[in-house]
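Visitor: I would like a close look at a single part of this model. Please take it slowly and keep to what can be read from the atoms.

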There are 2 protein chains.
Amino acid sequence: MTVAPRSSAGRPAFTSITPVRAYEGVVSQIEEAIFEGRLVAGDRLPSERDLMGQFGVSRGTVREALRVLESNGLTRSRPGDPGGATVLGQSSGRLTKALTTFARLGQIGAAELIEFRMVVEGSAVRLAAELHDESSLAAMEAAFEAMKVAADESSEAFSAADVSFHLAVSACSGNSLLSACSEFSRDMVLHLTSENLRDSGDPPERMQETLRRHGAYLHAIVAREGRRAEQLARQDLFDYYGGELTERERARLEILLMV
Amino acid sequence: MTVAPRSSAGRPAFTSITPVRAYEGVVSQIEEAIFEGRLVAGDRLPSERDLMGQFGVSRGTVREALRVLESNGLTRSRPGDPGGATVLGQSSGRLTKALTTFARLGQIGAAELIEFRMVVEGSAVRLAAELHDESSLAAMEAAFEAMKVAADESSEAFSAADVSFHLAVSACSGNSLLSACSEFSRDMVLHLTSENLRDSGDPPERMQETLRRHGAYLHAIVAREGRRAEQLARQDLFDYYGGELTERERARLEILLMV
DNA sequence: ACGGGATACTGGTAGGACCAGTGTGCTGGA
DNA sequence: TCCAGCACACTGGTCCTACCAGTATCCCGT
């Protein structure tokens, strides 16, 4: 048996290699061009037949590369479209997809998702409270008013308005990572708890309770009381979902209640 | 001009459609099998030539589907390997990649990443403090001791030991989403600040300072003082990176200091 | 019994072919 | 002159065949 050389940190200096495949070279070159800004949103890639010439590979290889880029949310191909694939801009779609895949593969449960959501959404609320200006404050208040109206319509409309409210708040945080993670965890939590809850829709009492709690931390946001707003947002999540969790899971969540 | 019908929430009821492509059907069927547990890590997919029979599509289509699955971290193909592609288990690799893409595409700066890291890593530290058992505590303390030793060796060894310490702590939090996000933001922050800092490596004083600060919140962890540990961890990040940020960026970060 | 080569697979790549769309530009009619 | 409408060039989507370079297995000869 041969011994791999070791670095000073004590870890093997050799890493497992994977054979370099032709399409990976195509992917990385195009990716690099996008990351470096040589290709920006709206730009068009050459056609597949052009690319096979430029890269010196077959069309199948080019297509595999384009499939990967498309699956990563970097480009989009449309049949019959002159000019080749379109370069897309930033979107939380890929991040959301990756987080969802991670959660489903790892058998992430509702409790862990709610925990994560308490952290990221709470922080987003705090930042929104401390940093909002007139226009973003107006957007949040308008979204809240829309929730009030929707509560009298249907539970679906209320749910949609609720989503809009959370979006307005997390957008106001000014941190796109936090808002993307908030968005993901909100969707995923809704999805996971839908079997138990969504069937019947939120009953009116629950909608009123949600309105009251959201209103409470919106007040804290208006008053620029960041920590209190975060506290209330976390408490809101805890109370809303706590009933469906086990005692042990609730105990974990309680750790995060105090901010 | 025709008007799209609107739902009660006031948003268009029509969503943009994309033509369903054959490979997408293959991807979704295999994905579904993996998510539902019918395929678990280590299982083998049929060979490409078998799959083209089972799905009734050409080999090129099967290969495009396999490339997408592989790029999503769900499977891996190896030439000459009987049994077809291997189904992989959960890994933070794909999530890290997606977050990295998101950050690079969105021109996410160091300040925003550090902000995100203060949130997720701080919460992970708090959970670790409140929830650790003997073995995980021992792992964290061992990692800290390794940092002390490595500080006398080289800045590379110290950096590696530092990473191991953070890994031990976030693993102890028991929330894989938080630890994956911590891991990503740590790597990304290191990457972004490397041009300025890594060139010369951390000077010994800075290593000692890091040791002192990490030691401080490790003490809080040992004492199960979750909030204080989180506070110290956030402060640690703020102090370590604050010097490289603008006044405006520091002001944002200060919002998150108090927990 | 055992070593080594033939064999039957695997994925990686190339190249050709056809189809259904989409724009564009040209042509013919008003 | 202007415009409607058709032909054409080109796109991506899909299929097919073929070949190569690996790997694992099995069987045969020693």
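Which residues come nearest to DNA strand D, and how many surround the strand?

Guide: This is a predicted model, and what follows is computed from it. Around DNA strand D there are 22 residues, and those that come nearest are A:Arg63, B:Arg21, B:Ala22, B:Ser58 and B:Thr61. By class, the surface near DNA strand D is made of 10 charged, seven polar and five nonpolar residues. Of the strand's atoms within 4 Å of the protein, 66% are sugar or phosphate atoms, and the rest belong to bases.

Some individual contacts can be given with distances. The side chain of A:Ser47 has an N or O atom 3.1 Å from a phosphate oxygen of DNA strand D. A:Glu48 uses its backbone: one of its backbone N or O atoms lies 2.9 Å from a phosphate oxygen of DNA strand D. A base is reached by B:Arg59, where an N or O atom of the side chain is 3.4 Å from a base nitrogen of DNA strand D.

In terms of secondary structure, at least two residues each of the surface near DNA strand D are supplied by α2 (48-55) and α3 of chain A and by α3 of chain B. The largest share, three residues, comes from α3(A). That helix also holds a salt bridge of its own, between A:Arg67 and A:Glu70, with the closest N and O atoms 3.1 Å apart. These two residues are about one helical turn from each other, because they are three residues apart in helix α3 of chain A.

The other strand can be read in the same order. DNA strand C is surrounded by 25 residues, the closest being A:Arg21, A:Ala22, A:Ser58, B:Arg59 and B:Arg63. The surface near DNA strand C has 11 charged residues, with seven polar and seven nonpolar. Sugar or phosphate accounts for 68% of the atoms of DNA strand C within 4 Å of the protein, and bases for the rest.

For the phosphates of DNA strand C, two backbone contacts can be named. A backbone N or O atom of A:Ala22 lies 2.5 Å from a phosphate oxygen of DNA strand C, and a backbone N or O atom of B:Glu48 lies 3.0 Å from a phosphate oxygen of that strand. B:Arg59 appears here too: an N or O atom of its side chain is 2.8 Å from a base nitrogen of DNA strand C. The elements giving two or more residues to this surface are α3 (59-71) of chain A, and α2 (48-55) and α3 (59-71) of chain B. Here α3(B) gives the largest share, three residues.

The relation between the chains belongs in this picture. Chain B is superposed on chain A by a rotation of 180° with 0.0 Å of shift along its axis, at an RMSD of 0.1 Å. That is how a two-fold axis relates two copies. The same surface serves both copies, as 98% of the contact residues of chain B recur in chain A. Within chain B, the residue whose C-alpha comes closest to the rotation axis is B:Val259, at 2.3 Å.

As for the contact between the chains, 65 residues of chain B touch 66 residues of chain A. About 5,900 Å² is buried between chain B and chain A, and carbon and sulfur atoms give 62% of that area. B:Phe35, B:Phe102 and B:Leu177 supply 12% of the area that chain B buries against chain A, more than any other three residues.

Charged and polar pairs also cross this interface. Eight salt bridges are counted between chain B and chain A. One of the residues nearest to DNA strand D, A:Arg63, forms a salt bridge with B:Glu64, where the closest N and O atoms are 2.9 Å apart. The interface has 20 residue pairs in polar contact. On the side of chain B that touches chain A, the elements giving two or more residues include α1 (22-35), α3 and α5 (110-131) of chain B. The largest share of that side, 11 residues, comes from α5(B). By class, that side of chain B divides into 31 nonpolar, 18 charged and 16 polar residues.

Technical notes: Residues are numbered from 1 along each chain as its sequence is written. Chains are lettered from A and ligands numbered from 1 in the order in which they are written. This is a predicted model: local features need pLDDT of at least 70, side-chain atom pairs count only at pLDDT 80 or more; totals for chains, interfaces and linings use all residues. Side-chain values use heavy atoms; hydrogens and water are left out. Copies are superposed by least squares on the C-alpha atoms of residues with pLDDT of at least 70 in both. Contact means heavy atoms within 4.5 Å. A residue is near a molecule or strand if one of its heavy atoms lies within 4 Å of it. A polar contact is a pair of N or O atoms within 3.5 Å; within protein, one must be able to donate a hydrogen and the other to accept it, and residues adjacent in sequence count only if both atoms are side-chain atoms. Helices (H or I, at least four residues) and strands (E, at least two) are DSSP runs, numbered from the N terminus. Ala, Val, Leu, Ile, Met, Phe, Trp, Tyr, Cys and Pro count as nonpolar, Asp, Glu, Lys and Arg as charged, and the others, Gly among them, as polar. Buried area is the accessible area (1.4 Å probe) that two parts lose on being put together, summed over both. A salt bridge is a side-chain nitrogen of Lys or Arg within 4 Å of a carboxyl oxygen of Asp or Glu.
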